[in-house]
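Visitor: Got a minute to walk me through this one? I'd like the cavities, the rings and a few single residues.

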Amino acid sequence: MEISQQKTGEVLTLTLTGRLDATWSNHVQAAISAGIRSGAHRIHLDMACVHYLSSAGISALLNAYKELMAIQGEFVIPNCSEAVRSVLELSGLGNLLSGGSILPTSASSVASTAAEPATQQIESEQATYDVHALGSFPAQRCRAVGDPAKLNEAAFTEAQPIDFPEGSLGIGLGAFGTDFADCSGRFGEILAVAGAGACQPTDGSRTPDYIVSEGALIPKFQLLYGLACHGKFSKLLRYEPKALRGRIGMEEIARTALAQSGGSLAVIAMVAEASSLVGATLQRAPVGVPGGKVFDFPGIRDWFSFTAERAHTDCVCVVVGVVSDGSDTHLAPFLRPIGNDPKWIGHFHAAAFSYRPVQKGKIDLKETISGLFQNQHLEGVLHLLADMREVHGAGESEFFRGACWVAPAEVAL
């Protein structure tokens, strides 16, 4: 079989020639998946020159259809041979020829046809952004919890129980558990957003855990230190790279989000298709070692696992955190430079999941986050870092495209 492709506007057309059987079904599905990863959410399959279609080929078409419907995309076979048409109609998949639905739908799963409010488009050197206004809301209130200086001494002796219901957001070091003693061997990186919470335990299991709100169940952490914010997001930024398969750095996105917030401190929550992540995770809980020097070399290697090379390549991730222009010093102990320019500081944690494309357009934060936790594999939680050393540095986390919710923030003193 031959597979060729052509992009016209938003539509990617794949032209197939030959037999779509068990030998070629994986190749066709891989070509479709590669198109989706490159940002094409409207895919047409020209099968006019396909003279045989087996059940294995039908399975590939059905999987591609489901993958695109999950992100409210489009999968159509506008041209096909009589042999293909006959097989599709006999198998009940004839609607693929016209772009109709072949799966049960419900009112909640059908995209609204109401006209969207006008969006603002802005550009940077790396990317284009569509800015959706979500409403005029008060600045999110951010509360500092605990003392990050205790990390270097491994001197934490207590934790604060913090609930993170929907409408709140958090990052820091903590664990799921009943009290400090219960969590003393598991404290690690945590994040919470939109009623979901995830943590990276330091108990040696290397298996991240999570809780998604369900009824009266909400994420609750024992927090050694961190930031807890509450409020609504005022804008949604949808970003794409300017270059084909281009990448957008974390600093670029954070600075753009801060500018769009209109303040000197901003809270962001992001769901993105990531090229790779750069960061670190704790390997031991920082408790019970008074007088220790966690950040001293070479002992730091026993405490932290750093991404010496880029990690979690081609994943989808949730990034939560705050970014500042450095003018407000109240959160200074919690913030670090996020890139080459030391003026821009922040603190971000990321949860990495197995890949799935992020739906385009104006999407809902809670629905998107819940879908990831419920349907994708959570691979890890880490503190994002920028390693900008000229020779040996791993650089910064980079993204292909995504959605970034942003709001101005103020410190709750």
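Guide: Sure. One term to start with: buried means under 20% relative accessible area. Also, this is a predicted model.

Visitor: Then which residues of H8 are buried?

Guide: Leu-365, Thr-368, Ile-369, Ser-370, Gly-371, Leu-372 and Phe-373 are the buried residues of H8.

Visitor: What caps the N-terminal end of H8?

Guide: Asp-364 does. One of its side-chain oxygens lies 3.3 Å from the backbone nitrogen of Lys-366.

Visitor: Let's switch to rings. How many aromatic pairs does the structure hold?

Guide: There are 10 aromatic pairs. Take Phe-164 and Phe-221, which form an edge-to-face pair. Their centres are 6.0 Å apart, with 65 degrees between the planes.

Visitor: Why does that pair tie together parts that are apart in sequence?

Guide: Phe-164 lies in the loop between strand S8 (160–163) and strand S9 (168–176), while Phe-221 is in strand S13 (residues 220–230), so the pair ties together parts 57 residues apart in sequence.

Visitor: And are Phe-164 and Phe-221 buried or exposed?

Guide: Both Phe-164 and Phe-221 are buried. Another edge-to-face pair is Phe-353 with Phe-373, at 5.0 Å centre to centre and 85 degrees between the planes.

Visitor: Where do Phe-353 and Phe-373 lie?

Guide: Phe-353 is in strand S21 (residues 345–353) and Phe-373 in helix H8 (residues 365–375), so this pair ties together parts 20 residues apart in sequence. Phe-353 and Phe-373 are buried.

Visitor: Which residues do ring pairs link into a cluster?

Guide: Phe-156, Tyr-225 and Phe-334.

Visitor: What about charges over rings? Which ring does the charged end of Arg-19 sit over?

Guide: The ring of Tyr-52, at 4.0 Å from its centre. Arg-37 has its charged end over the ring of Tyr-355, 3.8 Å from the centre of that ring.

Visitor: OK, empty space. How many cavities of 30 Å³ or more does the structure hold?

Guide: One. The largest cavity has a volume of about 40 Å³.

Visitor: Which residues line the largest cavity?

Guide: Arg-37 and Tyr-355 are among them. The others are Arg-245, Glu-273, Ala-274, Asp-314, Cys-315 and Phe-400. By class, this lining has four nonpolar, no polar and four charged residues.

Visitor: Now pockets. What volume has the second largest pocket?

Guide: About 970 Å³. It is lined by 39 residues, and the closest to its centre are Gly-279, Ala-280, Phe-306, His-383 and Leu-385.

Visitor: Which elements give two or more residues to that pocket's lining?

Guide: Strand S17 (279–282), helix H7 (300–303), strand S18 (304–306), strand S20 (336–337), S21 and strand S22 (378–384). S21 gives the most, with four residues.

Visitor: How does the lining of the second largest pocket divide by class?

Guide: Into 25 nonpolar, eight polar and six charged residues.

Visitor: Last topic: where is Ile-3?

Guide: In strand S1 (residues 2–8).

Visitor: Why does Ile-3 count as partly exposed?

Guide: Because its relative accessibility is 34%. Partly exposed covers what falls between buried, under 20%, and exposed, over 50%.

Visitor: And how far apart are Ile-3 and Ser-124, what's the spacing in space?

Guide: They are 35 Å apart, C-alpha to C-alpha. In sequence, Ile-3 and Ser-124 are 121 residues apart.

Definitions and conventions: Residues numbered from 1 in each chain as written. Predicted model: local features only at pLDDT ≥ 70, side-chain atom pairs only at ≥ 80, totals over all residues. Heavy atoms only, no water. 1 Å grid on protein atoms, 1.4 Å probe; cavity = no way out; pocket = protein on both sides within 12 Å on 5 of 7 lines; lining within 4 Å. Points joined across faces, edges and corners; volume = space filled by probe spheres on them. Nonpolar A, V, L, I, M, F, W, Y, C, P; charged D, E, K, R; others polar. Phe/Tyr/Trp six-rings, centres within 6.5 Å; stacked < 30°, edge-to-face > 60°. Buried < 20%, exposed > 50% of the residue type's maximum accessible area, 1.4 Å probe, protein only. Lys NZ or Arg CZ within 6 Å of the ring centre and 35° of its normal. Polar contact = N/O pair within 3.5 Å; in protein donor to acceptor, adjacent residues only side chain to side chain.
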